[in-house]
Amino acid sequence: MSRRLRVAVIGAGPAGIYAADILTKSDIDVTVDILDRDPTPFGLIRYGVAPDHPRIKEIVKALKRVLAQDAIRFFGNVDYGTDLKLDHLRQFYDAVIFATGARADRDLDIPGIDLKGSFGSADFVSWYDGHPDAPRNWPFDPEAKTVAVLGVGNVGLDVARMLAKTVDEQLVTEIPANVETGLRANATQDVHVFARRGPAQVKFTPMELRELSHSPSIDVVVHPEGFELDEGSMDAIRASKSVKLVVDVLQNYLAKEPTGAAHRVHIHFCQSPVEVLGENGKVVGLRTEVTELDGTGNARGTGEHVDWPVQAVYRAVGYRSDNLAGLPFDNATATVPNDGGRVIDIDGEPLPGAYVTGWIKRGPVGLIGHTKSDAAQTIELLLSDVDRLVAPASPDRADVDRYLAGRGIEYTTWEGWEQLDAHELALGEAAGRGRIKVVPRDEMVRIARS
């Protein structure tokens with residue numbers, strides 16, 4: 001290609017930033033604009049990682065180096081589908097890569113799931129991470145001393161830990177004032193985490209599971225009922241060091257005597273939630289069906305039920321991507337249909353100049369590091385399509401700025417993020433903490449644009 005390639009990336013989380021980095025390191029002359037509905041970059045690193053996990057946030061340092069490149073620009077507070085759509089983007093870009101991730105809670109279709117006191121983990125995570133679109137106040141019930149968490153992935157552990165930890169332990173983190181106030185209203189003493197299958201089938205990482213006991217205010221109680229290892233489980237343990245480490249940690253918890261800590265996280269195996277129980281429209285319990293492993297690592301119901309008296313339920317059964325304007329969408333998988341990253345329309349043909357990467361491409365599975373290889377696959381396809389891409393009518397970088405300004409969109413930039421970043425760090429320093437987040441969207445935009 002003799003001219004400079006112009007590419008837009010929708011989504012400024014790790015998937016989108018990795019895609020931009022790989023593209024700008026290729027042999028082709030290219031500039032990339034990354035657009036995000038949040039006023040800030042980094043996606044779920046900022047708004048999906050628990051505040052007491054600063055090590056994971058170290059990834060931000062590498063992402064910052066990417067976004068500081070001259071060939072890459074950041075436009076925050078720009079909502080795809082509202083502020084602009086695919087046809088608008090085609091005026092300015094040869095290709096568009098969608099890396100919008102997954103932020104909504106996956107549905108759990110059981111009776112009572114909509115009762116008062118039943119929550120989605122994604123909503124809770126957005127609240128305690130200070131997302132500007134989350135409600136300011138979380139509806140903690142002072143009577144909710146016993147809580148259920150449905151799901152055995154890392155998000156389920158994050159939710160359990162945030163519910164069980166004392167607020168004073170969180171004051172060394174970046175939580176904003178409204179989250180501190182909310183956590184002080186949390187009366188939870190016992191968190192019960194339910195797994196449908198056995199210990200070899202959970203999705204925790206060993207590090208997350210070990211960290212659960214690092215709080216002096218938490219006892220981890222693994223219940224022996226349902227702690228099964230069938231032949232399929234043993235195969236999984238032999239095949240994966242990570243699975244073996246997880247099972248070892250769980251066995252250590254199983255053998256350990258409680259210390260008498262003020263809060264407890266209980267882990268139950270072979271219990272499948274079948275109904276959230278309620279009275280007067282409010283959660284009063286959870287009904288599970290006892291399951292048994294079938295020899296392959298899968299579980300089957302036994303017909304035996306157990307009722308657990310809980311006053312709140314948090315479902316952590318996975319994330320779901322949003323449908324994107326102008327693109328096909330597979331509701332069953334909550335992904336954009338694609339062939340290795342090329343978007344496929346309803347006729348099975350590639351949608352010209354449209355690509356996907358990350359969770360919108362393959363579903364909400366895998367760790368952050370997996371998005372690099374995923375992005376590399378998508379960029380390889382895009383580069384192979386270069387000679388077939390339709391040149392934009394307005395390829396000048398300044399054309400995008402003029403368009404957004406003409407629409408009255410108060411977009412933020414990388415320089416604006418650096419101003420907001422410095423502001424939050426200063427707030428933290430004044431309080432003896434690393435950072436305190438600014439929550440209101442308009443305040444973030446004002447600081448970034450000042």
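User: Hi! Does Asn 280 count as buried or exposed?
Analyst: A quick heads-up: this is a predicted model, where local features need pLDDT of at least 70 and side-chain atom pairs count only at pLDDT 80 or more, while totals for chains, interfaces and linings use all residues. Residues are numbered from 1 along each chain as its sequence is written, and side-chain values use heavy atoms, with hydrogens and water left out. Now the cut-offs: buried means under 20% relative accessible area, exposed means over 50%, and partly exposed is in between (1.4 Å probe, protein chains only). Asn 280 has 84% relative accessibility, so it counts as exposed.

User: Where in the chain is Asn 280 found?
Analyst: Helices (H or I, at least four residues) and strands (E, at least two) are DSSP runs, numbered from the N terminus. Asn 280 isn't a glycine, yet it has a positive phi of about 55 degrees. Its place is the loop between β11 (271-279) and β12 (282-293).

User: What is the relative accessible area of Ala 334?
Analyst: Ala 334 is another non-glycine residue with a positive phi, near 55 degrees. You'll find Ala 334 in the loop between β15 (319-320) and β16 (338-339). Ala 334 is buried, because its relative accessible area is just 5%.

User: How many of the eight residues of helix α5 are buried?
Analyst: Helix α5 covers residues 121-128, and the rest of the structure largely encloses it. Among the buried ones are Phe 124, Trp 127 and Tyr 128. The count for α5 is seven.

User: And which residue just after α5 takes a positive phi?
Analyst: Look just past the end of that helix. The phi there is about 70 degrees, and the residue is Gly 130.

User: How many residues of helix α1 are buried?
Analyst: Helix α1 (residues 14-24) is mostly covered. Its buried residues include Ile 17, Tyr 18 and Leu 23, along with Asp 21. Of its eleven residues, the number buried is ten.

User: Which side chain makes a polar contact of 2.8 Å with Arg 435?
Analyst: A polar contact is a pair of N or O atoms within 3.5 Å; within protein, one must be able to donate a hydrogen and the other to accept it, and residues adjacent in sequence count only if both atoms are side-chain atoms. Arg 435 sits in the loop between α15 (414-430) and α16 (441-449), and counts as buried at 15% relative accessibility. The Arg 435 side chain makes one polar contact of 2.6 Å with the side chain of Asp 421. The 2.8 Å partner is Glu 424.

User: Arg 435 also touches Glu 174, so which side chain makes a polar contact with the side chain of Glu 174?
Analyst: Touching is a contact, meaning heavy atoms within 4.5 Å. Glu 174 lies in the loop between α7 (167-170) and α8 (177-184), and is buried with a relative accessible area of 12%. Not counting residues up to four places away in sequence, Glu 174 touches Pro 51, Lys 57 and Arg 433, among others. The polar contact, at 3.2 Å, is with Lys 437.

User: Zooming out, what is the radius of gyration of the chain?
Analyst: The radius is taken over C-alpha atoms, and the globule rule is 2.2 Å times the number of residues to the power 0.38. With 450 residues, a compact globule would come out near 22 Å. The chain agrees with that, at 23 Å.

User: How much of the chain is buried?
Analyst: The chain has 16 helices and 18 strands. Out of its 450 residues, the buried share is 55%.
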